[in-house]
Amino acid sequence: MSDVRTWAARLDDAAVSGTTVAPLTGDGLADLTTAYQVQNALIKLRQGRGERIVGGKLGLTSKAKQIAMGVDKPLYGVVTSGMVRASGTRLPLKELIHPRVEPEIAFVLGAPLEGPGVTVADVLAATRYLCPALDVIDSRYEGFSFKHLDAIADNASSAAFALGDDLVEPQGDLALTGCVLEVDGQVVQSAAGAAVMGHPAAAVAFMANQLVAAGGRLEEGWVVLSGGLTAPVPLQPGSTVTATVSGLGSVTLGAE
Ligand code: OOG
C-alpha cells in the first residue's frame, strides 16, 4: 500500500509542477490491480483539492493509438471537473509538459452501466447524447514513453478535454461516422468510428465490464471519452485544433 501512495504522489507532483518522472514499471510496478490502485489514489488526491469525478475515459482503443505509443492493450481512466475546458478555450502551454491532442467520440450517459456483459447495444440504449471531444493528453513520463501499466497508473495521461457544444442523440451507424482533425485549418488526421474497437460504444462497454473487478460502474450523467480515433498530434503554441465528427459537430481548442 505504501508503494501505491508513494507512486500516486509522485505522479500527482509531476502533473502539478509540470515535470516528468521515470516509468513506475522501472520501480517495481508489476500488475494491473496495483496500477489501477495507483490511479485511484491519484484521483483521490485531485478530489482532496475539490475536484469531482465527471466521467471516464478510454485509452489505446484504436490501432493508430496503439502503434503510436507502442502499447497494444486498451486501458481506462477517470475524468474530473478540473480537466473540463469549454470548446474554444486557449490552453496555456506553460502549465503542461508535452501535451498532445486527439479526437474522440464522447458518450453522455442517461443511465448507469454496470458490468459484466455490457454490450454495444446496452451502451447505445444508456446514452443520452453523443458529442465530439478533444482529449489533451500529457504523460507524466519522460519522453511520453511508457508501458501499459505505467499509463494506467498515470490515469491514461489525462490532462484536459473539451466537448462540442452540440449534444446529439445516438442515430445512424457510429462505426461508419467520419472524424477529421484539423490544425490551423489543415487536415492532419482522419478516421471512421470503427477505428475504436470496431465501434466506439465497444470501448465504453469495455470500461463498464472492466470496472466490475473494482466494484465500480459508469454512472448516469457521466461523460465517457471512448479513446483517440487517430494518432495524437502535439499541441503547438499559437495553434488551433478542431475535431469534426459527421452528424455531431465540431470542437476546438487553442494553445498559447
Ligand atoms: C495513453 C492513453 C491516452 C487515448 O485515447 O489513447 C488516451 C496515452 O496514449 O498517453 O486517452
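Trainee: Let's start with Asn155: between which helix and which strand is its loop found?

Mentor: Happy to begin there, and do keep in mind that this is a predicted model. On either side of the loop that holds Asn155 are a helix spanning 148–153 and a strand spanning 158–163. Those two elements are helix H5 and strand S7.

Trainee: Does Asn155 count as buried or exposed?

Mentor: A residue needs 20 or more other C-beta atoms within 10 Å of its own to be called buried. Asn155 has 29 such neighbours. Because that count passes the cut-off, Asn155 is buried.

Trainee: What is the phi of Asn155?

Mentor: Asn155 is not a glycine, and yet its phi is positive. The value is about 50°.

Trainee: Which residue in the loop between H5 and S7 has a phi near 60°?

Mentor: This is another residue other than glycine with a positive phi. It has 26 C-beta neighbours inside 10 Å, so it counts as buried. The residue is Ser157.

Trainee: Now the ligand: which residues come nearest to it?

Mentor: There are 14 residues around the ligand. By class, this shell divides into five nonpolar, five polar and four charged residues. The ones that come nearest are Gly59, Lys65, Ser157, Gly227 and Gly228.

Trainee: Which elements give two or more residues to the shell around the ligand?

Mentor: Two strands and one helix do so. The helix is H3 (63–69). The strands are S1 (53–59) and S6 (127–137).

Trainee: How many of the residues of S1 are buried?

Mentor: S1 has seven residues, and it is largely enclosed by the rest of the structure. That description follows because the buried ones number five.

Trainee: Which strand does S1 run antiparallel to?

Mentor: Let's separate the partners of S1. Three bridges join it to S10 (residues 223–225) in the parallel sense, with Gly55 opposite Val223. Six bridges join S1 to a strand at residues 75–80, where Gly59 stands opposite Leu75. That antiparallel partner is strand S2.

Trainee: Where does the cis peptide bond lie?

Mentor: Look in the loop between strand S5 (100–109) and helix H4 (120–126). Pro116 has its place in that loop. Omega is about 0° at the bond that joins Gly115 and Pro116.

Trainee: Which residues is Gly115 in contact with, leaving aside neighbours within four places in sequence?

Mentor: Gly115 is partly exposed, because it has 18 C-beta neighbours inside 10 Å. The chain brings together stretches separated in sequence here: Gly115 and Ala205 are 90 residues apart in sequence but 8.0 Å apart in space, C-alpha to C-alpha. The contacts of Gly115 are Ala208, Asn209, Leu211 and Val212.

Trainee: Which helix gives the most to the largest nonpolar core?

Mentor: That core has 76 residues, and Ala106, Ala133, Leu134, Val136 and Met207 have the most contacts inside it. The helix in question spans residues 200–211 and supplies nine residues. It is helix H6.

Trainee: Which residues does Ala106 touch, not counting those up to four places away in sequence?

Mentor: Ala106 is among the residues with the most contacts inside the largest core. Its partners include Val223, Val224 and Leu225. The others are Leu130, Cys131, Ala133 and Leu163.

Trainee: Which are the edge strands of the open sheet that has five strands?

Mentor: The order in this sheet is S4-S13-S12-S8-S9, with mixed pairing. An edge strand pairs on one side only. The two edge strands are S4 (90–91) and S9 (186–192).

Trainee: What is the bridge partner of Leu181 in S9?

Mentor: Strand S8 (residues 178–183) and S9 pair in the antiparallel sense over six bridges. The partner of Leu181 in S9 is Gln189.

Trainee: To finish, what is the radius of gyration of the protein chain?

Mentor: The chain has six helices and 13 strands, and its C-alpha atoms fill a box of roughly 50 × 45 × 35 Å along the principal axes. Of its 256 residues, 47% count as buried. The globule rule gives 18 Å for that length, and the chain is close to this, so it is as compact as a globular protein of 256 residues. Its radius of gyration is 17 Å.

Definitions and conventions
Residues are numbered from 1 along each chain as its sequence is written. This is a predicted model: local features need pLDDT of at least 70, side-chain atom pairs count only at pLDDT 80 or more; totals for chains, interfaces and linings use all residues. A residue is near a molecule or strand if its C-beta atom, placed from the backbone, lies within 6 Å of it. Helices (H or I, at least four residues) and strands (E, at least two) are DSSP runs, numbered from the N terminus. Ala, Val, Leu, Ile, Met, Phe, Trp, Tyr, Cys and Pro count as nonpolar, Asp, Glu, Lys and Arg as charged, and the others, Gly among them, as polar. A residue is buried if 20 or more other C-beta atoms lie within 10 Å of its own, exposed if 12 or fewer, and partly exposed in between; C-beta atoms are placed from the backbone. Two residues are in contact if their C-beta atoms, placed from the backbone, lie within 7 Å. A nonpolar core is a set of buried Ala, Val, Leu, Ile, Met, Phe, Trp, Tyr and Cys residues joined through C-beta atoms within 7 Å. The radius of gyration is taken over C-alpha atoms; the globule rule is 2.2 Å times the number of residues to the power 0.38. Two strands pair if DSSP finds at least two bridges between them.
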